[in-house]
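Reader: I would like to learn how to read a structure of this kind step by step, with the general idea given before each case. Could we put it in view and begin?

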Amino acid sequence: MIKVMKMNLKELKKKLDEQNVPTDMYSLNGWNPNEMMCIERKGQKWQVYCSERGTKTGMKIFKREVDACQYLYNIVMLCYRDRQEYLQK
């Protein structure tokens, strides 16, 4: 079960660092051409998406920063756990 936390970008970065998630898995600074999960503010909304082959895929739009950060955290942690399990095989 994934724990729900209220966090902003600064707190999100701290949580990901505490879990030792590699920074090549995510961008908290918006678009990045490498394959990773990204978050960015567009006007009054927040976008969370996967940068994949030069395009934004699987985009979700949020009204609140805390919701976007929670969503990104959940996705990144699921991918990170899958990566860890794969590497242990």
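Reader: What share of the contacts in the protein chain with a separation of 6 or more comes from residues 24 or more positions apart?

Author: Bear in mind that this is a predicted model. The idea is to sort contacts by how far apart the partners lie in sequence, and here residues 24 or more positions apart account for 38% of the contacts with a separation of 6 or more.

Reader: Which elements make up the protein chain, and in what order do they run from the N terminus?

Author: One lists helices and strands along the chain; in this case there are two helices and four strands, and their order from the N terminus is α-β-β-β-β-α. The radius of gyration is 13 Å, close to the 12 Å that the globule rule gives for 89 residues, so the protein chain is as compact as a globular protein of that length. Along the principal axes, the C-alpha trace spans about 45 × 30 × 20 Å.

Reader: Which residues of the largest nonpolar core touch the most other members?

Author: Here one looks for buried nonpolar residues joined through their side chains, where buried means under 20% relative accessible area. The largest such core has 19 residues, of which Leu-12, Leu-16, Val-21, Ile-39 and Leu-72 touch the most other members. Helix 1 (9–18), strand 2 (36–42), strand 3 (45–52) and helix 2 (65–88) each give two or more residues to this core, and helix 2 gives the most, with seven. Taking Leu-16 as a case, and leaving aside neighbours within four places in sequence, its contacts are Val-21, Tyr-26, Tyr-73, Val-76 and Met-77.

Reader: Is Gln-47 buried or exposed?

Author: The relative accessible area is compared with the cut-off of 20%; Gln-47, which lies in strand 3, has 13% and is therefore buried. Beyond its neighbours within four places in sequence, Gln-47 is in contact with Cys-38, Ile-39, Glu-40, Lys-42, Lys-56, Met-59, Lys-60 and Ile-61.

Reader: Where is Asn-20 placed, and what is its phi?

Author: For backbone angles, one can look for a positive phi at residues that are not glycine. Asn-20, in the loop between helix 1 and strand 1 (26–27), has a positive phi of about 60°, and at 58% relative accessibility Asn-20 counts as exposed. Another case is Arg-53, with a positive phi of about 55°, which sits in the loop between strand 3 and strand 4 (55–62) and is exposed, with a relative accessible area of 76%.

How values were computed: Residues are numbered from 1 along each chain as its sequence is written. This is a predicted model: local features need pLDDT of at least 70, side-chain atom pairs count only at pLDDT 80 or more; totals for chains, interfaces and linings use all residues. Side-chain values use heavy atoms; hydrogens and water are left out. The radius of gyration is taken over C-alpha atoms; the globule rule is 2.2 Å times the number of residues to the power 0.38. Contact means heavy atoms within 4.5 Å. A nonpolar core is a set of buried Ala, Val, Leu, Ile, Met, Phe, Trp, Tyr and Cys residues joined through side-chain atoms within 4.5 Å. Buried means under 20% relative accessible area, exposed over 50%, partly exposed in between (1.4 Å probe, protein chains only).
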